[in-house]
Amino acid sequence: QRQMCIRDRQNIVNVSNKLEGFQLDNLSKNKELFKLAKSVGFSDKQIADLTDSEFYQVRKFRKELKSRI
């Protein structure tokens, strides 16, 4: 149980570190990283902050991505 919690937290930190270097335009080319960020629980606001983007841009990207799936 504790190991799983530690692993989950480390995964969140790893995704956060990966997102920090991306601009939203580049992130749109790496849809898997965006999907991973959402799957580990990042909000659109958190992704916007990490990618130096506006919330509405991330939200729009997420909705466009979802419509293509």
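Buried, in this report, means under 20% relative accessible area, exposed means over 50%, and partly exposed is what falls in between (1.4 Å probe, protein chains only). By that yardstick D44 is buried, with a relative accessible area of 6%, and D44 will come up again below.

A word on the source: this is a predicted model, where local features need pLDDT of at least 70, side-chain atom pairs count only at pLDDT 80 or more, and totals for chains, interfaces and linings use all residues. Residues are numbered from 1 along each chain as its sequence is written, and side-chain values use heavy atoms, with hydrogens and water left out.

## The overall picture

The protein has five helices and zero strands. Helices here are DSSP runs (H or I, at least four residues), strands are E runs of at least two, and both are numbered from the N terminus. Buried residues make up 26% of the 69 residues. The C-alpha trace spans about 35 × 25 × 20 Å along its principal axes. About 5100 Å² of the protein is exposed, and carbon and sulfur atoms supply 47% of that area; the areas come from the Shrake-Rupley method with a 1.4 Å probe, and for residues only the protein chains shown count as cover.

Take contact to mean heavy atoms within 4.5 Å. Among contacts between residues at least 6 apart in sequence, 55% join residues at least 24 apart.

## The core and helix α3

What sits in the largest nonpolar core? This core has 13 residues, and those with the most contacts inside it are V15, L19, F34, A37, F42, I47 and V58. A nonpolar core is a set of buried Ala, Val, Leu, Ile, Met, Phe, Trp, Tyr and Cys residues joined through side-chain atoms within 4.5 Å. Helices α1 (2-20), α3, α4 (44-50) and α5 (55-68) each supply at least two residues of this core.

Helix α3 covers residues 31-39, and its buried residues are L33, F34 and A37. Seen down the axis of α3, these buried residues fall within an arc of 100 degrees, so they line one face of the helix. The arc is taken from the directions from the helix axis to the C-beta atoms. E32 and S39 are exposed on the other side of α3. After α3 comes G41, with a positive phi near 110 degrees.

F34 also takes part in the one aromatic pair counted here. Its partner is F61, and the two rings are edge-to-face, 4.7 Å centre to centre with 85 degrees between the planes. Rings of Phe, Tyr and Trp (its six-membered ring) pair if their centres lie within 6.5 Å; planes under 30 degrees apart count as stacked, over 60 as edge-to-face, and the rest as tilted. F34 lies in helix α3 and F61 in helix α5, so the pair ties together parts that are 27 residues apart in sequence. F34 is buried at 2% relative accessible area, and F61 is buried too, at 7%.

A polar residue worth a look is S16, which sits in helix α1. S16 is buried, with a relative accessible area of 18%. Leaving aside its neighbours within four places in sequence, S16 is in contact with F42 and L50.

## Salt bridges

A salt bridge is a side-chain nitrogen of Lys or Arg within 4 Å of a carboxyl oxygen of Asp or Glu. The count by this rule is four, and the table gives some of them.

| Pair | N to O distance |
|---|---|
| E32 and K35 | 3.6 Å |
| D44 and K38 | 2.8 Å |
| R62 and D44 | 2.8 Å |

The R62 and D44 pair links distant parts of the chain, with R62 in helix α5 and D44 in helix α4, 18 residues apart. K38, D44 and R62 are linked in a network of salt bridges. Around buried D44, K38 is partly exposed at 28% relative accessible area and R62 is partly exposed at 24%.

The E32 and K35 pair stays inside α3: being three residues apart in that helix, they are separated by about one helical turn. E32 is exposed at 53%, whereas K35 is partly exposed at 33%.

## A loop residue

Finally, G21 lies in the loop between α1 and α2 (24-27). G21 is exposed, with a relative accessible area of 66%. The C-alpha atoms of G21 and D52 are 9.3 Å apart, while the residues are 31 places apart along the chain.
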